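Open the model in your viewer and keep the selection panel at hand. The stops below go from the whole chain down to single residues.

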Amino acid sequence: MKLWQKDNTDTAAMVERFTVGNDRDFDMLLAKYDVLGSLAHTAMLKEVSLLSGEEYAQIEIGLNDILKEIEQGKFVIEEGVEDVHSQVEYLLTKRIGEAGKKIHSGRSRNDQVAVDLKLFLRDKTQEIKEQVHQLFNILIDLSETNKDKLLPGYTHLQIAMPSSFGLWFGAYAESLVDDLEMLAAVYAVINKNPLGSGAGYGSSFPLDRDLTTQKLHFKTMHHNVVYAQMSRGKTEKLLAMALSSIAATLGKLAMDVCLYISQNFGFISFPSSLTTGSSIMPHKKNPDIFELIRAKSARVQAAPNELTLLTNNLPSGYHRDMQLTKEVLFPAIEQVEGCLEMLSFALPQVQIKDDILSDEKYKYLFSVEAVNNLVNKGLPFRDAYKQVGNDIEKGIFDFKDFNISHHTLQGSMGNLQNEAIKQEMLQVLAKFA
C-alpha cells in the first residue's frame, strides 16, 4: 500500500526493494511524529472546514489510539506497506472508515516527511543538549576537585610546561560550551514548521499554517513553500555539522585518555570494570571504550561531508536522494548519544596519580619558570632565556623555586574561570527554550 498508488500502478518487486531500502527501519523512529503531525494537520483541516466536526472526532480518536500503540511498542509497518505515513493512514482508514482517507487533504508526502523529521530532530537535539550539559557538569566538578593535581603539558608531544588536571578537565568543559553554541544555532533552524508547503509549491486549499505551527509548538514556520522543501538536506547537514563539533571534542578527550592511561604516561587509571584484557597478555588493561569513542567520533565527523556530497549538486525541488540523508544522520545521532552516555558514566570513576611531576624527566617543565624568575630579578628576557638554555645544554639546569600557585587551577583565578564558563553555558542553554 502506497500513498501514491492508483488502480493500475504496479511496481516491480526489485524496484521496490531498491527504492525503499532501509527506509522502513528509520521510519519506525518517525512514527510518533507522523501521528503528531497528522493530529495538527487534521485539527487545522477542521478549522478551515475541510473536515466536519464528526469526521475530526473520529480521526482524533483513531490517531491517538495509534499513538498509544507506538508508545507501547506495538506498532509495526506491515509487509507491503511502503512507509510509516502509508501505515498510519492505512490503519486509520481500516478502523474508522472513509474519514481516514481525508487526512491527506492539502498535504504531500514531502511536507509530511519534512515535518516528521523536524519534530524528531527537535526532540533529539534537546536530548543531546541535556547529555552535553550533564557531561559539562561532570567535567567542571572534576576540574574543581583536581585543581591542585599537577599535570605535565605537552606541545608537539614533547614535554612543555606545567599544567593541572583542573585546567585539563576545564578545557573540555569550555569546549562543550562552544559545541552547544553550534547546536543551538541549528536548533533555531530545526524549530521551523514546513507543514502546509505540500510538494514545495503550496496548496489551493485555505490552509492555516499559523495554526499548525502553534499546535506543533514550532517557534516559527518556513514562510516560502519552495524553501520549505529546500530545507530538506540542509537541515540534516547543519545538524551533522553541530554533531561533528561535539564529536571532535569527545574524540580529542578520548585520545588524551588513551595516552594518559598508557604505561608510558601513567597519569590516570580506571577501575577494571571499565577496561578490557588481552587474550594472550595477562598484564593488559586496555581502554577499549575510549578507543571506540575516538573511532565513533571520527565517523560522526565524516557525516557532514557525506551529506554535502549527497545533496550539494541537486536543483531546487524534492529529489529521492533525500531519502538517504536518514541513513547518514540517524546513526550519527545514535553514536553521539552513546559516546556522551559512556563518557558521563566513565569519567567520574577516573583515578589520578599523585606527584606526577616529581619524576626526573619532567624537570625541564620548569625552564620557563626559571626564565621568568630571572626576568623578575631584572635580567632582560633574551639574556635570561639564553642563560637557562645554556644550563640545559650543559646538563646543570636545576630550578627549585617553582611556584605551584601559578600553574594550578586554584584560588580566586581558578574559581573565576570555572564560574565564567558555567555562566556561558547557562546563556547557551537558554537559546534552546
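Begin with the enclosed space inside this predicted model. How many cavities of 30 Å³ or more are there? The count comes to one cavity of that volume. About 50 Å³ of space lies in it.

To find this cavity, select Ala114, Leu117, Lys118, Leu121, Ser231, Arg232, Thr235 and Glu236, which line it. Helix 5 and helix 8 (225–261) are the elements that give two or more residues to the lining. By type, the lining residues divide into three nonpolar, two polar and three charged. As background, rolling a probe the size of a water molecule over the atoms shows where empty space is left.

**The whole chain**

Now zoom out and colour by secondary structure. You should find 13 helices and six strands in the protein. The radius of gyration is 29 Å, well over the 22 Å that the globule rule gives for 433 residues, so the protein is more spread out than a compact globule. Along the principal axes, the C-alpha atoms fill a box of roughly 95 × 50 × 40 Å. Buried residues make up 48% of the 433 residues. Among contacts between residues at least 6 apart in sequence, 78% join residues at least 24 apart.

**The nonpolar cores**

In soluble globular proteins, nonpolar side chains tend to be buried together. Next, select Ile268 and Phe290. In the largest nonpolar core, which has 90 residues, these two touch the most other members. Add residues 109–145, which form helix 5; this helix gives the most to the core, with 14 residues.

Stay in this core and show what surrounds isoleucine 268. Which residues is isoleucine 268 in contact with, leaving aside its neighbours within four places in sequence? They are Phe165, Val257, Tyr260, Ile261, Val350, Gln351 and Ile352.

Apart from the largest core lies another core, of 24 residues. To locate this second core, select Leu39, Val48, Val88 and Leu211, which are among its members.

**Valine 35**

Move to helix 2 (residues 23–47) and pick out valine 35 there. Is valine 35 buried or exposed? Its relative accessible area is 0%, so valine 35 is buried. Not counting residues up to four places away in sequence, valine 35 touches Leu63, Ile66, Leu67, Ile70 and Val88. One of these, Val88, was also in your selection for the core of 24 residues.

Then draw a distance from valine 35 to glutamine 214. The two are 179 residues apart in sequence, and their C-alpha atoms are 16 Å apart in space.

**Two residues with positive phi**

Most residues other than glycine have a negative phi. The last two stops go the other way.

Select serine 49, in the loop between helix 2 and helix 3 (53–71). Serine 49 has a positive phi of about 70° although it is not a glycine. With a relative accessibility of 63%, over the 50% cut-off, serine 49 counts as exposed.

Finish at leucine 157, which lies in the loop between strand 1 (150–155) and strand 2 (158–164). What is the phi of leucine 157 near? It is near 60°, a positive value in a residue other than glycine. Leucine 157 counts as exposed, because its relative accessibility is 59%.

Note on methods
Residues are numbered from 1 along each chain as its sequence is written. This is a predicted model: local features need pLDDT of at least 70, side-chain atom pairs count only at pLDDT 80 or more; totals for chains, interfaces and linings use all residues. Side-chain values use heavy atoms; hydrogens and water are left out. A nonpolar core is a set of buried Ala, Val, Leu, Ile, Met, Phe, Trp, Tyr and Cys residues joined through side-chain atoms within 4.5 Å. Buried means under 20% relative accessible area, exposed over 50%, partly exposed in between (1.4 Å probe, protein chains only). Helices (H or I, at least four residues) and strands (E, at least two) are DSSP runs, numbered from the N terminus. Contact means heavy atoms within 4.5 Å. On a 1 Å grid over the protein atoms alone, a cavity is a set of points where a 1.4 Å probe fits but cannot get out, and a pocket is an open set with protein on both sides within 12 Å along at least five of seven lines; lining residues have an atom within 4 Å of a point. Grid points are joined across faces, edges and corners, and a volume is the space filled by probe spheres set on the points. Ala, Val, Leu, Ile, Met, Phe, Trp, Tyr, Cys and Pro count as nonpolar, Asp, Glu, Lys and Arg as charged, and the others, Gly among them, as polar. The radius of gyration is taken over C-alpha atoms; the globule rule is 2.2 Å times the number of residues to the power 0.38.
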